[in-house]
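User: I'd like to go through the labels on this model and see what each one rests on. Can you set the values against the cut-offs for me?

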Amino acid sequence: MKNRFAATALAAVTLCLPIISQAQTEIQWWHSMTGGLNEWVNDQAKQFNDSQKDYKVVPTFKGNYDESMATATAAFRAGNAPHILQVFEVGTATMMAAKGAIKPVAEVMKESGVAFDPKSYVPAVAGYYTAANGQMLSFPFNSSTTIFYYNKDAFKAAGLDPNKAPSTWPEVVAAAAKLKASGSKCPYTTSWMSWVQLESFSTWHNVLFATQNNGFGGNSARLTFNSPLHLRHFENLANMSKQGLFVYKGRASVSVPSFVSGECAMFTGSSGSYADVSKNAKFAYGLAPLPYYPDVAGAPQNTAIGGASLWVMAGKKPAEYKGVAQFFKYLSSPEVQSASHKRTGYLPITTAAYELTEKSGYYKQFPGTDVAVQQMIRKTTDKSRGIRLGNFVQIRTIIDEETEQIWAGKKEPKQALDDAVRRGNEQLEKFEKANKS
């Protein structure tokens, strides 16, 4: 009798399982995270799914940032776009212009009845994704900024102080020379040429990358990164390259493994690279602020935002938007944010998450992990708020193409920067014409 009851109960449970499964509303989330960050994204979705029974977030890797944007655009036109799309900060102006394709995140939260206070987010992060009318358009997710990494073991071997990172560009050159003399074949390298060496460089030195306050003032912005200061910096990098002190490894984040493996001793790149460095580096390393030129008034100011945000695509059902809102609420909690910040090196996107992390003693336990936050929470100026331009993806490609001519010895820095500005402005003119209101 007992066995018959157990069998009947098991059958009832089995019959119920498909019903529970069918009742879940599925939320498709397209992203561009790889390696350790891919594992982080999958864990975020799993932990949310395990926390409740109404919604199931399904993360899907869709290629790098450029590729996922292109794929999502095609999917939207075909009527099968995802609910959530991760878009890097460079695509922000393009997404803002695609008004029929997106649903502002503030609207999603309000209609779903989920409390949402934009003021709880770190100002420099929230401001970047907020429209002129004060409405937050996308959800800050993996916000990062540019920082300086160095190999303490290599510094020690070269006779440098392993507990003191170069804080200025002249100091970087001097350290690179000593590292080379001690046998390093790659004293210094960088990722994201435009973001690190031009965009962050500009905000860090409180000079404009483009007019109209770097595009925040309107679509008529034009590029200005061929100024005397920018030229001075690229002439400096070109000289370092000729002497073997700077080694160009490739576009985007291609150079990250060169530092993680120990091949390159100094590296400038995303704070988000901390996930790979902390997991895989077999040497002692240090994190430090981005170098600057000490004779430039106003430097250092603050670095530029990077990483990506989550955009909600238009045309979905109200129940699906409620699921999106619940997922964003989950991601915003101080505990989840603080854990993500510690794991990845991305910024804590809310002030509460930063305070929770600080209170836990994490920054004292791991010196340097607060560098990215400290660089971003400073009061920004009109020149340092960030850079938000149309066709920015194409402009970054142009900058890669032109600056690669310098490292290959085919163009002088002035010619390369002038050509990048000219070609980039052509992209801005196209964007302005296509988006006249």
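User: Why does E402 count as buried or exposed, whichever it is?

Analyst: First, some ground rules: this is a predicted model, where local features need pLDDT of at least 70, side-chain atom pairs count only at pLDDT 80 or more, and totals for chains, interfaces and linings use all residues. Residues are numbered from 1 along each chain as its sequence is written, and side-chain values use heavy atoms, with hydrogens and water left out. Now the label: buried means under 20% relative accessible area, exposed over 50%, and partly exposed in between (1.4 Å probe, protein chains only). E402 has 6% relative accessibility, so E402 counts as buried.

User: What makes E402 and R423 a salt bridge?

Analyst: The rule asks for a side-chain nitrogen of Lys or Arg within 4 Å of a carboxyl oxygen of Asp or Glu. For E402 and R423 the N to O distance is 2.8 Å, so the pair passes that rule. E402 sits in helix α19 (residues 392–407) and R423 in helix α20 (residues 413–434), so the bridge ties together parts 21 residues apart in sequence. Helices here are DSSP runs of H or I, at least four residues, strands are runs of E, at least two, and both are numbered from the N terminus. R423 is at 24% relative accessibility, so R423 is partly exposed.

User: How do you know that K414 and D418 are about one helical turn apart?

Analyst: They are 4 residues apart in helix α20, and that's why the separation is about one helical turn. K414 and D418 also form a salt bridge, with the closest N and O atoms 2.7 Å apart. K414 is partly exposed because its relative accessibility is 47%, and D418 is partly exposed too, at 24%. Elsewhere, salt bridges that share partners join E401, E402, K411, D419, R422, R423 and E426 into one network.

User: Why is D295 called exposed or buried, and what about its partner R232?

Analyst: D295 has 56% relative accessibility, so D295 counts as exposed. R232, at 35%, counts as partly exposed. Their side chains meet in a salt bridge at 3.1 Å, N to O. That pair links distant parts of the chain, 63 residues apart: D295 is in the loop between β8 (285–288) and β9 (305–313), and R232 is in helix α11. The salt bridge count comes to 19.

User: What makes C186 and C264 a disulfide?

Analyst: A disulfide is a pair of cysteine sulfur atoms within 2.5 Å, and C186 and C264 have theirs 2.0 Å apart. C186 lies in strand β6 (residues 186–190) and C264 in strand β7 (residues 264–270), so parts 78 residues apart in sequence are tied together. The link is right-handed, with 90 degrees about the S-S bond, and both cysteines are buried. The whole structure has 1 disulfide.

User: Why are α8 and α11 described as parallel, perpendicular or something else?

Analyst: Axes are lines fitted to C-alpha atoms, for helices over the stretch in contact, and angles run from 0 to 180 degrees between N-to-C directions. Under 35 degrees counts as roughly parallel, over 145 as roughly antiparallel, 65 to 115 as roughly perpendicular and the rest as oblique. Helix α8 (residues 169–181) and helix α11 (residues 228–242) cross at roughly 0 degrees, with axes coming within 12 Å, so they are roughly parallel.
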